[in-house]
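Welcome, and please open the model in your viewer. We will take a short walk, one selection at a time.

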Amino acid sequence: MALPLPVRAGLLLLGFLALLALLGPVLARYPANEPHYGDKLLPPGAEYWFGTDQYGRDQFSRVVHGLRLSMMSAFAVLAGSATISVLVGLGCGLYGGRLDRMVTRLVDIVLALPGLVLALAVVGLFGPGYVNLLVALVVSSWAADARIARALTLDARTRPSVIAAQVAGVSRPALGFRHLLPAILPPFLVVTTLRLGGIVVAMAGLSFLGLGVQMPEAELGAMLGDARRFITAAPWLLVAPSVAILALAAAANLIAEGLRDRHGDRTVR
């Protein structure tokens with residue numbers, strides 16, 4: 001069956017961004033953090049395709065570097081959050097009882113807090129930094145998907161093959177990883193893919209506030225935060241990072257929405 005049009009468009013855009021992130025350092029004339037103090041705040045041109053910043057650094061090289069970092073970070077957060085969510089949901093749905101009640105209360109507490117507020121609290125506790133930002137985003141994004149993984153597990157436990165395995169005396173860990181996990185993983189991946197666009201935007205927003213990657217390291221949100229001081233003198237500093245963030249979020253949302261439409265709204269509720 002052919003992929004839906006939004007998925008194909010999202011994959012095409014994501015592939016283009018990934019190719020740009022990989023080949024950008026080869027195409028760039030200068031390293032991302034190399035200053036050229038005689039070329040400060042130059043507009044886009046033949047020498048500097050996206051212009052230069054207040055230190056004379058090549059904006060094209062920095063945007064490409066930031067795009068690569070943002071893509072890797074978003075997928076790392078998504079993988080970490082999804083792993084925690086599916087393990088927690090699978091454990092609650094499989095064992096039930098006191099464990100299920102305790103974890104469900106914890107999930108309710110986490111969901112009661114706005115995600116960005118929780119992320120800000122984690123970063124405030126451990127301090128600004130790239131690793132701390134990733135941890136904060138994982139902590140603030142696992143709970144909702146854990147609840148969905150639990151519901152999928154409870155539904156999968158009613159399947160005849162799973163009931164037959166229980167009657168045959170299969171241990172709970174084996175039942176979970178051999179029978180339940182393969183059953184819940186496809187719909188769960190559709191659900192968790194919907195978070196990718198939000199993760200990209202949240203990461204850029206927190207970095208914009210100075211809570212993530214620290215300058216001079218190039219990261220799209222941090223570049224926007226640094227460029228806002230020159231919005232009138234050098235507005236081109238805002239254009240390329242903004243377009244890169246929007247394109248990455250749009251690619252993620254197109255893929256997620258297409259997968260949701262293909263598998264039906266029932267899967268993601």
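A crossing is called left-handed if the near helix is turned anticlockwise from the far one by less than a right angle, and right-handed if clockwise. Keep that in mind as you look around this predicted model.

**Stop one: helices 1 and 2.** Select residues 5-27 for helix 1, then add helix 2. Their axes come within 9 Å and cross at roughly 135°. An angle over 145 would count as roughly antiparallel and 65 to 115 as roughly perpendicular, so helix 1 is oblique to helix 2. The crossing of these two helices is left-handed. To see the contact, show the side of helix 1 that includes Leu-14, Leu-17 and Pro-25, and on helix 2 residues including Phe-60, Arg-68 and Phe-75. The contact residues divide into 12 nonpolar, 1 polar and 1 charged.

**Stop two: helices 2 and 8.** Keep helix 2 (residues 59-95) and add helix 8 (residues 196-208). Here the axes come within 9 Å and cross at roughly 125°, an oblique arrangement too. Which hand does this crossing have? Helix 2 passes helix 8 in a right-handed crossing. Now display Ser-70, Ser-73, Ala-74, Phe-75, Val-77 and Leu-78 of helix 2, which meet Leu-196, Ile-199, Val-200 and Met-203 of helix 8. By type, this contact has 8 nonpolar residues, 2 polar and no charged.

**Stop three: Thr-153.** Find Thr-153 in helix 5, residues 130-156. Is Thr-153 buried or exposed? Its relative accessibility is 0%, so Thr-153 counts as buried. Beyond its neighbours within four places in sequence, select its contacts: Gly-89, Leu-90, Gly-93, Leu-94, Leu-180 and Ile-184.

Note on methods
Residues numbered from 1 in each chain as written. Predicted model: local features only at pLDDT ≥ 70, side-chain atom pairs only at ≥ 80, totals over all residues. Heavy atoms only, no water. Helix = DSSP H or I, 4+ residues; strand = E, 2+ residues; numbered from the N terminus. Buried < 20%, exposed > 50% of the residue type's maximum accessible area, 1.4 Å probe, protein only. Contact = heavy atoms within 4.5 Å. Axes fitted to C-alpha atoms, helices over the stretch in contact; angles between N-to-C directions. Parallel < 35°, antiparallel > 145°, perpendicular 65-115°, else oblique. Nonpolar A, V, L, I, M, F, W, Y, C, P; charged D, E, K, R; others polar.
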